[in-house]
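Trainee: I am new to this structure and would like a close look at a single part of it. Please take the surroundings of ligand 1, and then say how they connect to the rest.

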Amino acid sequence: MAHKLAFIGFGVVGQGLAEILRDKKEALKQNEGFEAEIVAISDLMKGSIYHPGGLDISTVLQVLQETGSLENYPERPGLIRGWDSIRTIKDTNADTIIEVSYTDVKTGQPAIDHCKAAFEKGKNVVMTNKGPVALAYQELSEMAQRHGAYWGFEGTVMSGTPALRMPAAALAGNDITEIRGILNGTTNYILTQMEQDGVSYEAALKEAQELGYAEADPASDVEGYDARYKIVILSNHVMNAPLSVGEVECKGITGITLQDIEKAKAEGKSWKLIAKAKKENGKVIASIAPEKLDAEDPLASIRGSVNAITYQCDLLGTVTLSGAGAGKIETGFSLLIDLISINRERQLISI
Ligand SMILES: NC(=O)C1=CN([C@@H]2O[C@H](COP(=O)(O)OP(=O)(O)OC[C@H]3O[C@@H](n4cnc5c(N)ncnc54)[C@H](OP(=O)(O)O)[C@@H]3O)[C@@H](O)[C@H]2O)C=CC1
Ligand SMILES: N[C@@H](CC=O)C(=O)O
């Protein structure tokens, strides 16, 4: 049976997943027994469409590309327009909600309410929005479990790079005592462009926005708030240690000038925005701050929108993972791997 999906938000990442589902439809069916049907899309400005029998993905993407609005999706019997996010979550026949609206760095809303509305209906949520995971991890995990719903959020940290799934699956049994990483693609892209090509901060930020890496409000990236959410998610989910956003010291990259970067380069060093979390006497101490790294530091060579993370494990020692930290298809993939996980669970249950 096809998975029925409803998208809340349909910007860069939502469209990335839709493109993957369009382009890999046959391969996913053949290799994974996975079939998906987009039944609804509700976006703040682009409009909202729902058809219980499914929307045509190619037409949706084409109409959006040509006109910028879902309002121009062709009329057909049974098509409903104009439902807001909550109605789309509650009243459509979707069994999984793809929550890809913007990340609010203060309240996590309205995405927290989107998750609650879905779980109350026993619907799965797969999301890249970091707010609910960083601010309401415990409450939402319990709620999803109580209602028998799956909550997937691989893309909230390091896009489609398995920064959450890899330690949960392959490092299980270790105590992860420390995490250190570059967790924001936009700032790493900016710092790299400034260092490699002498591009100005403003021009590099504009490029990152055009490439789809930056948050809707890029202050979240450059002030370090996005990386702060990510270290909180890692602490709670991977280190199994409660940490709240307010406990993380946070400094962004806005104070770093081209001169600072040139000076570091002459010393053989590189500026990076470093996220850290360390367990100390049963508590986690975490911070986000720019650091001038020696060339030998494994994180010094991480360039562009690529991210990297080092896990300090009690049994295995140091393990470092690097890969995409942002991007349309890369982050679309993070949603796909969560959907594939739901599908695999379904297949196991039906054996
Ligand atoms: N881009 C990336 O590489 C990554 C992004 N993320 C996260 O994924 C999420 C989506 O990112 P991205 O696609 O880049 O962002 P975009 O800004 O491109 O898309 C977000 C979309 O959500 C819509 N939206 C905002 N609020 C609501 C709402 N209440 N109901 C319905 N739609 C709403 C916006 O509408 P409109 O603009 O039409 O007003 C916009 O189309 C964000 O939370 C981001 O933090 C995570 C990892 C990587
Ligand atoms: N704006 C974020 C997107 C991914 O989380 C980033 O640049 O890392």
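Mentor: A residue is near a molecule if its C-beta atom, placed from the backbone, lies within 6 Å of that molecule. The model is predicted.

Start with the shell itself. Ligand 1 is surrounded by 30 residues, and the closest are Gly-9, Gly-11, Val-13, Met-45 and Ala-326. Sorted by class, the shell contains 14 polar, 12 nonpolar and four charged residues. Two elements, α1 (12-23) and β2 (36-43), each supply at least two residues of this shell. The largest share comes from α1, with three residues.

Next, the position of the ligand in the protein. The domain assignment gives domain 1 (3-159 + 329-349) and domain 2 (165-325). Ligand 1 lies between these domains because both give residues to the shell around it. The centres of the two domains, taken over C-alpha atoms, are 27 Å apart. Where the domains touch, 15 residues of domain 1 are in contact with 20 residues of domain 2. On the domain 1 side, the largest share of the touching residues, four, comes from helix α6 (residues 131-146). That side has nine nonpolar, three polar and three charged residues.

β2, which supplies part of the shell, leads to the first sheet. This is an open sheet of seven strands in the order β4-β3-β2-β1-β5-β6-β7, with mixed pairing. Its edge strands are β4 (80-81) and β7 (151-152), each of which pairs on one side only. Strand β1 (residues 3-8) pairs with β2 in the parallel sense over six bridges. In that pair, Phe-7 has Ile-41 of β2 as its bridge partner. Helix α13 (residues 328-349) lies across β1, β2, β5, β6 (124-127) and β7, and runs at about 155° to β6. One detail of the backbone belongs here: the peptide bond joining Gln-109 and Pro-110 is cis, with omega about 0°. Pro-110 is in the loop between β5 (96-99) and α5 (111-120). For comparison, most residues other than glycine have a negative phi, and most peptide bonds are trans.

Ala-326, among the closest residues to ligand 1, also appears in the shell of the second ligand. Ligand 2 is surrounded by Ser-159, Asn-184, Gly-185, Thr-186, Tyr-213, Ala-214, Glu-215, Asp-221, Asp-226, Gly-325 and Ala-326. By class, these are three nonpolar, five polar and three charged residues.

The second sheet has six strands. It is open, has mixed pairing, and follows the order β9-β11-β10-β8-β12-β13. β9 (249-250) and β13 (317-324) stand at the edges, and each has a single partner strand, so one side of each is left without a neighbour in the sheet. At one edge, β9 pairs with strand β11 (residues 283-294) in the parallel sense over two bridges. Cys-250 stands opposite Ile-288 in β11. At the other edge, strand β12 (residues 306-313) and β13 pair in the antiparallel sense over eight bridges, and they form a hairpin with three residues between them. Thr-310 stands opposite Thr-320 in β13, and Ile-309 has Leu-321 of β13 as its bridge partner. β12 also pairs with strand β8 (residues 176-182), in the antiparallel sense over six bridges. There, the bridge partner of Ile-179 in β12 is Tyr-311. Helix α12 (residues 258-266) lies across β10 (269-280) and β11, at about 90° to β10.

Before β9, the loop from α11 (225-237) holds Asn-240. The phi of Asn-240 is near 55°, a positive value in a residue other than glycine.

Last, the record. An unreviewed UniProt entry lists residues 162-340 as "domain: Homoserine dehydrogenase catalytic". In the model this span is 38% helix and 27% strand, and its end C-alpha atoms lie 14 Å apart.

How values were computed. Residues are numbered from 1 along each chain as its sequence is written. Chains are lettered from A and ligands numbered from 1 in the order in which they are written. This is a predicted model: local features need pLDDT of at least 70, side-chain atom pairs count only at pLDDT 80 or more; totals for chains, interfaces and linings use all residues. Ala, Val, Leu, Ile, Met, Phe, Trp, Tyr, Cys and Pro count as nonpolar, Asp, Glu, Lys and Arg as charged, and the others, Gly among them, as polar. Domain bounds come from an automatic or database domain assignment. Two residues are in contact if their C-beta atoms, placed from the backbone, lie within 7 Å. UniProt positions are given in the numbering used here, feature names are shortened, and annotations may be inferred rather than shown by experiment. Two strands pair if DSSP finds at least two bridges between them. Axes are lines fitted to C-alpha atoms, for helices over the stretch in contact, and angles run from 0 to 180 degrees between N-to-C directions.
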